[in-house]
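Dear colleague,

Here is the structure I promised to pass on to you. Please have it open while you read the notes below.

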Amino acid sequence: EPMITKKFTTGEIEQVLFEPGSRYLEVQWRNKRIVAFRPVPEEIARRLCNAPNPSTYLEDRITEEYPKVEPKKSQATDDAKAKLDDLFGG
């Protein structure tokens with residue numbers, strides 16, 4: 001199944017990614033912090049994408065209910081890759 005991506009133009013959340021197959025939900029904040037949860041039902045992910053205030057919905061309905069997991073593309077990975085690219089001219 002294709003990944004669902006939703007970008008927000010306002011508010012603290014910049015982008016939401018959701019993989020229906022693995023029920024993996026990733027939230028990217030404007031300050032570049034990334035949090036991820038699994039397993040999240042698709043309906044909940046869709047509601048987050050359509051919520052008038054996504055950060056409130058995330059706080060109320062997702063953070064409390066679903067386990068946090070390691071983000072797939074965490075900031076640390078990007079930093080490490082950048083360092084390797086500098087080293088090896090990537």
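In α2, the buried residues (under 20% relative accessible area with a 1.4 Å probe, protein chains only) are Pro54, Ser55, Tyr57, Leu58 and Ile62. Seen down the helix axis, these residues fall within an arc of 150°, taken from the directions from the axis to the C-beta atoms, so they line one face of α2. Among the elements that cover them are β2, β3, β4 and α1, where helices (H or I, at least four residues) and strands (E, at least two) are DSSP runs numbered from the N terminus.

Please bear in mind that this is a predicted model, in which local features need pLDDT of at least 70 and side-chain atom pairs count only at pLDDT 80 or more, while totals for chains, interfaces and linings use all residues. Residues are numbered from 1 along each chain as its sequence is written, and side-chain values use heavy atoms, with hydrogens and water left out.

The largest nonpolar core (buried Ala, Val, Leu, Ile, Met, Phe, Trp, Tyr and Cys residues joined through side-chain atoms within 4.5 Å) holds 19 residues, of which Val16, Leu25, Val27, Phe37, Leu48, Leu58 and Ile62 touch the most other members. Two or more residues each come from β2 (13–19), β3 (24–29), β4 (34–37), α1 (42–50) and α2 (54–63), and α1 gives the most, with four. Leaving aside residues up to four places away in sequence, Leu25 is in contact (heavy atoms within 4.5 Å) with residues including Val16, Phe37, Leu48 and Ile62.

Overall, the protein chain has three helices and five strands, in the order β-β-β-β-α-α-β-α from the N terminus, and 36% of its 90 residues are buried.

Best wishes

Notes:
Buried means under 20% relative accessible area, exposed over 50%, partly exposed in between (1.4 Å probe, protein chains only).
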